Amino acid sequence: MDDNLKNIKKLNISKTLLLDCKQTVKDFPLAYETYGELNKSKDNAILVFHALTGDQFVAEINPLTKKEGWWVTAVGPDKAIDTNKYFVICANVIGGCMGSWGPKEIDKKTNESYGLNFPVITIRDMVRAQETLLDYLGIEKLLCVTGGSMGGMQSLQFCATFPNRTFSAIPIACSTSHSAQNIALNELARQAIMADPVWDKGKYLKKNVQPKNGLAVARMVGHISYLSEQGMQEKFGRKLQEKADFEFSFNADFQVESYLRHQGYSFVERFDANSILYITRAMDYFDLSKQFKGGLVEAFSGQKTKFLIISFSSDWLYTTKENKDTVIALNASGADVSFAEIKTDKGHDSFLVNEPEFLKTLKGFIDSMHIKFKNEKRI
Amino acid sequence: MKKEFKVIADLLPKNVRVLDVGCGDGSLMDLLIEEKNIEARGLELVEENVKICIYKGLSVIEGDAETELHQFPSQSFDFVVLSQTLQAFYNPERVLKDLLRIGKSVIISIPNFGYWKVRTSLLFFGKMPVTKTLPNAWYNTPNLHMCTIKDLFHFCLEKNIKINKVIGVNEEKTSEIKKGNLEIKNLFSKLGIFLLG
């Protein structure tokens with residue numbers, strides 16, 4: 001897989017970036033992918049932000065995993081985000097492991113992987129790095145920024161930090177800060193990794209291994225939180241995995257166990273354990289009201305961006321209430337905001353699966369924003 | 001009722017900020033943007049209507065005016081519009097207070113229960129009226145607090161809510177309602193439109 005990493009698109013960010021942890025960095029890679037064509041008037045660019053375990057390969061086939069891109073349900077020719085019409089950009093976040101600067105990369109000072117020597121990064125650091133990609137691609141103002149979960153957080157952060165660089169934004173299933181429950185679940189994932197003896201204080205790459213057991217458990221925690229109670233019950237119930245009765249063992253008797261094991265252990269093939277530590281930390285640290293000392297209203301004051309916040313009724317990780325709190329803050333600051341709750345039993349994962357009502361709403365908003373953005377540009 | 005929207009649009013100056021509470025499919029917002037270059041925002045309970053608004057590029061928040069008006073800051077809109085919904089709230093008095101807090105002015109329209117056809121239905125037939133503006137039967141009507149133009153007029157006086165203008169609508173005809181002609185207009189208007197605050 002690492003040989004293939006050399007062939008992906010990478011921008012070397014040469015300008016100095018001051019990270020939130022006060023360290024400065026320059027000359028680091030940002031891996032990205034684009035779909036569709038940027039039109040002459042440059043009014044059709046959409047920046048997609050990926051979630052915790054996502055990457056830059058939004059659509060088509062991921063060239064590294066050979067599987068479909070993580071948002072093929074929404075992005076592609078004739079899809080909700082139609083790549084015949086729009087120019088879609090997505091970058092691997094810094095801290096990630098698909099070619100962007102992250103704990104797996106080689107530290108030039110030591111000639112070894114950073115491991116825990118990688119600085120603790122934030123959602124704002126991720127977004128600042130991605131803004132330089134827009135300069136490189138020659139896009140002054142995007143039509144839209146969007147993403148679900150951590151991608152939604154990045155969308156909110158992008159608008160707060162760069163209020164003039166996008167015409168519209170669709171933060172999906174996210175919040176302006178992590179709840180205690182969110183942090184607790186992330187901590188569970190981190191503890192699973194750090195409790196694996198192979199992890200070795202983050203130095204496992206020196207031995208060319210991965211703490212697979214810990215990483216798999218971390219992924220299983222995530223998968224439980226992405227489904228709704230009802231969805232999980234309907235999908236698995238108490239069904240047994242290819243057997244007529246209990247084995248009276250600790251093998252995967254139940255289908256739900258088998259599902260989690262499969263999800264957990266297939267994940268370790270494509271992800272770096274330290275990246276999970278760093279990215280979950282960034283999510284936990286994310287707090288827009290803390291950043292803008294006066295609170296959320298300050299974070300969004302003077303916004304010209306047109307927002308659409310979308311939540312899912314059965315999402316218990318980022319609830320409708322939390323999404324509505326973002327709407328209330330945007331409203332209080334006088335921003336132009338729409339809000340829709342999609343009724344579904346598919347839980348937090350709803351934005352990734354084929355959920356027609358969600359996809360129709362996404363398409364309806366983006367298409368109408370494109371018309372408005374073109375009009376604005378003409379004037 | 002298209003005439004109603006026309007009357008509301010005529011009451012509004014150009015280039016103001018308007019919150020349309022219970023905006024439905026956004027027809028009124030469309031009209032206000034088109035004719036008055038108004039910055040319009042909507043609040044709507046019905047999911048399907050919310051989506052129609054979003055597809056049209058209108059700004060709309062899915063939510064219940066009965067419980068969610070608190071999210072709008074005080075005096076954040078020039079006008080708040082509430083079209084034929086006041087009577088459907090559990091607590092219309094509290095909603096009206098909130099509308100007057102959010103908007104510098106408030107426009108409210110109500111189906112008039114004092115309209116003569118409504119009165120005769122009850123008087124001569126002994127049945128709850130079913131008309132064009134009151135299309136539901138007693139058992140499935142969303143209208144919990146039906147009132148007449150006279151009721152709302154007196155309510156505003158009692159609560160010290162400033163009445164700027166009241167317009168009675170009957171089909172295509174409109175007329176201004178004042179204290180002097182309140183009795184007769186209350187009998188012959190299907191709809192009352194109040195400009196308050």
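**Helices, chain contacts and unusual backbone angles in a predicted two-chain model**

Helix H5 of chain A, residues 212-226, has 15 residues, and at 1.5 Å a residue these should span 21 Å; the end C-alpha atoms are 21 Å apart, in agreement with that expectation. The model described here is a predicted one. Much of H5(A) is lined with buried positions: Gly214(A), Leu215(A), Ala216(A), Val217(A), Ala218(A), Arg219(A), Met220(A), Gly222(A), Ser225(A) and Tyr226(A) are buried. These buried residues pack against three helices of chain A, namely H4, H7 (255-267) and H8 (273-285).

Helix H5(A) belongs to a chain with 12 helices and 14 strands. For the 379 residues of chain A, a compact globule would have a radius of gyration near 21 Å, and the value of 20 Å found for the chain agrees with this. Along the principal axes, the C-alpha atoms of chain A fill a box of roughly 70 × 50 × 40 Å. Buried residues account for 50% of the 379 residues in the chain. Contacts in chain A also reach across the sequence: among those between residues at least 6 apart, 70% join residues at least 24 apart.

Chain B, in turn, has 8 helices and 8 strands. With 197 residues, its radius of gyration of 16 Å agrees with the value near 16 Å that a compact globule would have. The C-alpha trace of chain B spans about 50 × 35 × 30 Å along its principal axes, and 41% of the 197 residues count as buried. Of the contacts in chain B with a separation of 6 or more, 63% are between residues 24 or more positions apart.

Where the two chains meet, 15 residues of chain B are in contact with 21 residues of chain A. On the side of chain B that touches chain A, H3 and strand S3 (59-62) each supply at least two residues. Helix H3(B) gives the most to this side, with 5 residues. By class, the side of chain B that touches chain A has 7 nonpolar, 4 polar and 4 charged residues.

One helix pair can be followed across this meeting of chains. Helix H12 of chain A (residues 356-378) and helix H3 of chain B (residues 47-55) pack at an angle of about 30°, with their axes 7 Å apart. Angles under 35 degrees count as roughly parallel, and H12(A) and H3(B) are therefore roughly parallel to each other. On the chain A side, the contact is made by Lys360(A), Thr361(A), Gly364(A), Phe365(A) and Ser368(A) of H12(A), and these are met by Lys51(B), Ile54(B) and Tyr55(B) of H3(B). The contact of H12(A) with H3(B) has 3 nonpolar, 3 polar and 2 charged residues.

Helix H12(A) itself has 23 residues and reaches 33 Å from its first C-alpha to its last, close to the 33 Å expected at 1.5 Å a residue. Its buried residues are Phe358(A), Thr361(A), Leu362(A), Gly364(A), Phe365(A), Ile366(A), Met369(A), His370(A) and Phe373(A). The cover over these residues comes from both chains: it includes strands S7 (81-82), S11 (142-148), S12, S13 (306-312) and S14 (336-342) of chain A together with H3 of chain B. Thr361(A), Gly364(A) and Phe365(A) are thus buried and also take part in the contact with H3(B).

Two loop residues of chain A deserve a look for their backbone angles. Most residues other than glycine have a negative phi. Lys42(A), however, has a positive phi, near 55°, and is found in the loop between strands S4 (28-35) and S5 (45-48) of chain A. With 16 C-beta neighbours inside 10 Å, Lys42(A) counts as partly exposed. Ala173(A) likewise has a positive phi, near 45°, in the loop between strand S12 (166-172) and helix H4 (180-194) of chain A. Ala173(A) is buried, with 29 other C-beta atoms within 10 Å.

In chain B, Ser83(B) offers a further local view. Ser83(B) lies in strand S4 (residues 77-83) and is buried, with 22 other C-beta atoms within 10 Å. Leaving aside neighbours within four places in sequence, Ser83(B) is in contact with Glu4(B), Gly22(B), Leu28(B) and Ser109(B). The C-alpha atoms of Ser83(B) and Glu47(B), which are 36 residues apart along the chain, are separated by 18 Å.

Methods
Residues are numbered from 1 along each chain as its sequence is written. Chains are lettered from A and ligands numbered from 1 in the order in which they are written. This is a predicted model: local features need pLDDT of at least 70, side-chain atom pairs count only at pLDDT 80 or more; totals for chains, interfaces and linings use all residues. Axes are lines fitted to C-alpha atoms, for helices over the stretch in contact, and angles run from 0 to 180 degrees between N-to-C directions. Helices (H or I, at least four residues) and strands (E, at least two) are DSSP runs, numbered from the N terminus. Angles under 35 degrees count as roughly parallel, over 145 as roughly antiparallel, 65 to 115 as roughly perpendicular and the rest as oblique. Two residues are in contact if their C-beta atoms, placed from the backbone, lie within 7 Å. Ala, Val, Leu, Ile, Met, Phe, Trp, Tyr, Cys and Pro count as nonpolar, Asp, Glu, Lys and Arg as charged, and the others, Gly among them, as polar. A residue is buried if 20 or more other C-beta atoms lie within 10 Å of its own, exposed if 12 or fewer, and partly exposed in between; C-beta atoms are placed from the backbone. The expected span of a helix is 1.5 Å times one less than its number of residues. The radius of gyration is taken over C-alpha atoms; the globule rule is 2.2 Å times the number of residues to the power 0.38.
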